[in-house]
Amino acid sequence: MKHELLHGTLEVMILKTLSWGRMHGYGIGRWIAQQGGHALQVEEGSLYPALYRLEERGLIAAEWGMSELGRKAKIYRLTSRGRAQLKAETAEWARFTAAVSRVLLPAG
């Protein structure tokens, strides 16, 4: 079953992906799909605009390099500002999901 990404979650998932190391765009989408048990599919039409927005905000940086297949690719990395944003958004996500759980799964 495919699920639409909750608004705003793609960018934080990209930041989380890059917290593990440098990666090109296709690799980022693949990592998110794998970590989400393939229930999350990131379309190129969503991924690349999100990468551009994150780069414009200084949360990630990019440089041209080579993919593992030897093709020219833009390689992305998390900046220190991006790492701080990831920490803040992860805490906010934890608060949000706890609140939704209290509504959907009330005790008693």
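**Second largest pocket**

I sorted the lining of the second largest pocket by class: seven residues are nonpolar, five polar and two charged. This is a predicted model. I then looked up the volume, and the second largest pocket holds about 260 Å³ of space. Its lining counts 14 residues, and T9, V12, M13, K16 and W93 are the closest to the centre. Next I asked which elements give two or more residues to this lining. They are α1 (9-18), α2 (25-35) and α4 (80-104). I noted that α1 gives the most, with five residues.

**Helix α2**

I turned to α2, one of the elements that line the pocket. Which residues of α2 are buried? I found G25, G27, I28, G29, I32 and A33. I also checked what covers these buried residues. The cover includes α1, β1 (23-24), α3 (44-56) and β3. Then I looked just past the helix. G37, just after α2, takes a positive phi of about 65°.

**Hairpin of β2 and β3**

β3 came up in the cover of α2, and I followed it to its pairing. In what sense do β2 and β3 pair? Strand β2 (residues 60-66) runs antiparallel to strand β3 (residues 72-78), and seven bridges join them. I picked A61 and looked up its bridge partner in β3, which is R77. Five residues lie between the strands of this hairpin. I checked phi there as well: G70 takes a positive value near 80°.

Technical notes
Residues are numbered from 1 along each chain as its sequence is written. This is a predicted model: local features need pLDDT of at least 70, side-chain atom pairs count only at pLDDT 80 or more; totals for chains, interfaces and linings use all residues. Side-chain values use heavy atoms; hydrogens and water are left out. On a 1 Å grid over the protein atoms alone, a cavity is a set of points where a 1.4 Å probe fits but cannot get out, and a pocket is an open set with protein on both sides within 12 Å along at least five of seven lines; lining residues have an atom within 4 Å of a point. Grid points are joined across faces, edges and corners, and a volume is the space filled by probe spheres set on the points. Helices (H or I, at least four residues) and strands (E, at least two) are DSSP runs, numbered from the N terminus. Ala, Val, Leu, Ile, Met, Phe, Trp, Tyr, Cys and Pro count as nonpolar, Asp, Glu, Lys and Arg as charged, and the others, Gly among them, as polar. Two strands pair if DSSP finds at least two bridges between them. Buried means under 20% relative accessible area, exposed over 50%, partly exposed in between (1.4 Å probe, protein chains only). Contact means heavy atoms within 4.5 Å.
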